[in-house]
Structure formats: C-alpha cells, structure tokens
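User: Could you take a close look at one part of this protein for me, and then set it in the context of the whole fold? I would enjoy a connected account rather than a list.

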Amino acid sequence: MLSYRHSFHAGNHADVVKHIVQSLILNSLKQKDKPFVYHDTHSGVGRYDLTHEWSEKTGEYKQGIARLWSAREADQQNLPEDIQSYLESISILNNGEKLRYYPGSPRVARAHLRDQDRMVLTELHPADHPLLEQEFHRDRQVSIYKEDGFKRLKGSLPPKERRGLVLIDPPYELAKEYRDVVTAIAQSHKRWATGIYAIWYPVVNRCDIEDMIEGLEGLGINKILQIELGVSPDTNERGMTASGMIVINPPWKLESQMNEILPFLKEAIAPATGHFKVEWIVPE
C-alpha cells in the first residue's frame with residue numbers, strides 16, 4: 001500500500017520526538033572527526049509546507065511543533081539546551097523567519113551533516129520520490145533511491161564509513177510492517193552490529209508495539225533503549241495516542257538527555273494528559 005502521505009501529519013507531536021532523538025544521535029556522531037553515514041528507509045519529501053491544505057485539514061502540527069515553537073519564542077532561556085540543534089534545523093529551513101516549513105527527517109539530517117558525511121535516502125511513493133529528488137537536486141552528499149527501503153538497507157550494509165545512523169519509520173499501514181521492522185533489524189545487525197538503529201513507532205494499538213518489542217528482544221541484541229511520549233492515555237478508539245523511538249546502540253548520553261527533555265515536551269505539548277518514559281528494553 002502507498003496511500004500514506006506524511007503531509008497530513010508533518011510537525012505533529014510524533015515528529016517532534018522523532019526528530020529530537022534523531023538530532024541528538026547525529027550530534028553524538030559528530031563528536032568524532034571520522035565520517036558517518038545517515039540512512040533513511042522511508043524518507044518522504046524532505047520538507048512540508050504547514051500552510052498547505054493537507055496540513056491545515058488535520059491541524060496536527062498545531063498540537064506539535066507549533067506549541068514548541070511558541071514556547072521557544074516565549075521563554076528561550078528555559079528551553080533544554082539539547083533541543084537547540086533540532087530547533088535550529090527548523091529555523092534554517094524558514095530562513096529564521098515565521099514558522100511555515102517543517103523539515104522531514106532528511107532535512108533534519110542534512111542540517112547536521114559535515115562535509116565528510118553522507119546520506120542515503122529511499123522513497124517508493126510515486127508522488128513523493130520526485131519531490132525528494134527535487135529537494136536535494138545536485139547535492140553530492142545525498143544518494144536517493146526509488147525502491148523498497150528495507151531492500152536498499154540490506155544491500156547497503158556494512159557502510160564504508162563503519163559509523164552512522166539508520167532511521168526506520170515506515171507508515172505502519174499494515175500490521176505486517178511491525179514484523180518487517182524486526183526482520184530488517186535482524187538482517188541489518190548481522191551485517192553491521194555497531195551501527196545505530198532508530199525505529200520510530202506510533203501507538204495506535206498497544207499490542208502491536210508489545211509484539212514488536214518482543215520480537216526485538218528475541219534477536220539477542222544488547223543495548224536497546226525505548227523512548228516514548230504520549231499525549232493521551234491508550235484507548236481502543238481510532239487514533240495515535242503516543243509515539244516513540246526504539247534505539248539500538250544508543251549514544252551513552254541519550255538516556256539522560258531524553259529524561260531531561262521529555263518532561264519539558266510533556267508540559268509544552270500535552271500538560272494535562274501527557275506521559276512519557278525512557279526504559280531499557282535490553283540493557284548493555
């Protein structure tokens with residue numbers, strides 16, 4: 001299925017968590033001079049116009065980045081220092097002006113790359129792929145493929161740099177995609193055990209997340225960290241109540257950074273009904 005379009009959801013609370021974690025991991029990789037690779041399995045279009053009718057139709061960004069942006073403008077001094085590079089990637093895209101564009105994960109990554117680093121992007125959607133190519137036209141640090149993200153990942157590992165981040169965030173339109181993630185990690189970790197893998201997930205049906213976590217636990221991989229922000233309690237009704245990131249081989253500071261950031265995000269985005277957690281699925 002290729003019906004999912006992220007333009008309806010760009011900048012929502014799930015994007016905020018995903019891209020903050022992504023930024024923190026990329027910042028950790030930059031602590032060493034050696035080059036790294038960023039690999040994105042489901043890239044989207046790169047940037048999203050929050051004034052577009054699709055964004056306005058759902059208004060999800062108003063309960064996500066718009067609230068964080070307002071908190072930034074109101075009280076810059078009390079923002080957690082570790083989210084500054086994430087916010088800077090948004091500011092760069094908007095030329096430091098009013099919030100209009102929101103960066104997808106490729107644009108967040110591009111804002112963190114140095115001259116020696118590179119990106120591998122995959123997008124299969126027939127409408128999104130040309131927009132992604134246009135976004136990074138003639139950018140020599142970016143390779144873009146129109147193919148299944150998991151197949152491209154399998155064929156790209158291990159990378160020549162031996163350092164890097166793989167971001168896995170499928171649309172989860174089908175229940176089997178949760179199992180596909182576990183399979184992709186099993187195959188990828190055998191080829192590149194030292195890579196950092198960040199898996200985004202939505203909480204629509206908690207059972208799906210529990211099954212995926214159980215599958216990851218069964219792979220015998222150490223150092224798996226779970227990060228989650230919820231905006232409302234779990235429910236049997238339709239809709240995403242929370243989202244999170246499962247990180248394999250997380251940077252050593254990531255746990256403490258998110259323990260500081262998540263309380264701030266809860267208060268900024270969902271002060272009355274929000275909840276969060278940072279837990280080891282499998283410790284070191």
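**A close look at R138 and its setting**

Analyst: Happy to. R138 counts as exposed, because its relative accessibility is 78%, and the cut-off for exposed is over 50%. Please keep in mind that this is a predicted model. R138 sits in the loop that links α6 (128-135) to β5 (142-145). The backbone deserves your attention here: R138 is not a glycine, yet its phi is positive, at about 65°. As a general matter, most residues other than glycine have a negative phi.

A useful partner for this residue is Y172. Its phi is also positive, about 55°, and Y172 is not a glycine either. Y172 belongs to the loop between β6 and α8 (176-191). The setting of its side chain is another matter: Y172 counts as buried, because its relative accessibility is 9%, whereas R138 is exposed at 78%.

One more backbone feature belongs in this picture. The peptide bond leading from L157 into P158 is cis, with omega near -5°. In general, most peptide bonds are trans. P158 is part of the loop that runs between α7 (149-156) and β6 (164-168).

From that loop we can step across to V37, a residue of strand β1 (residues 37-40). The C-alpha atoms of V37 and P159 are 7.4 Å apart, although 122 residues separate the two along the chain. Leaving aside residues up to four places away in sequence, V37 touches R118, V120, P159, E161, R163, G164, L165 and W192. V37 has a relative accessibility of 4%, so it counts as buried.

For a contrast, turn to E53, which is located in helix α2 (residues 53-58). With a relative accessibility of 61%, E53 counts as exposed. E53 and R163 are 110 residues apart along the chain, and their C-alpha atoms are separated by 40 Å. R163, you may recall, is among the residues that V37 touches.

H112 gives us another buried site to visit. This histidine is in helix α5 (residues 105-112), and its relative accessible area of 3% is why H112 is classed as buried. Its side chain reaches the backbone oxygen of V108 at 2.7 Å. Beyond residues up to four places away in sequence, H112 touches S23, L26, N27, K30, S85 and S89.

Now let us step back to the whole protein. The fold contains 10 helices and 10 strands. A compact globule of 284 residues would have a radius of gyration near 19 Å, and the protein has 17 Å, which agrees. Along the principal axes, the C-alpha atoms fill a box of roughly 45 × 45 × 40 Å. Of the 284 residues, 54% count as buried, with Y172, V37 and H112 as examples from our tour.

Contacts between distant parts of the sequence are a theme as well: of the contacts with a separation of 6 or more, 76% are accounted for by residues 24 or more positions apart. The accessible surface comes to about 13300 Å², and 47% of this belongs to carbon and sulfur atoms. As for charge, the protein has 35 positive and 40 negative side chains, and the centres of the two sets lie 7 Å apart.

Technical notes. Residues are numbered from 1 along each chain as its sequence is written. This is a predicted model: local features need pLDDT of at least 70, side-chain atom pairs count only at pLDDT 80 or more; totals for chains, interfaces and linings use all residues. Side-chain values use heavy atoms; hydrogens and water are left out. Helices (H or I, at least four residues) and strands (E, at least two) are DSSP runs, numbered from the N terminus. The radius of gyration is taken over C-alpha atoms; the globule rule is 2.2 Å times the number of residues to the power 0.38. Buried means under 20% relative accessible area, exposed over 50%, partly exposed in between (1.4 Å probe, protein chains only). Contact means heavy atoms within 4.5 Å. Accessible areas come from the Shrake-Rupley method with a 1.4 Å probe; for residues, only the protein chains shown count as cover. Lys and Arg count as positive and Asp and Glu as negative; His and the chain ends are not counted. The place of a charge is taken as NZ of Lys, CZ of Arg, CG of Asp or CD of Glu. A polar contact is a pair of N or O atoms within 3.5 Å; within protein, one must be able to donate a hydrogen and the other to accept it, and residues adjacent in sequence count only if both atoms are side-chain atoms.
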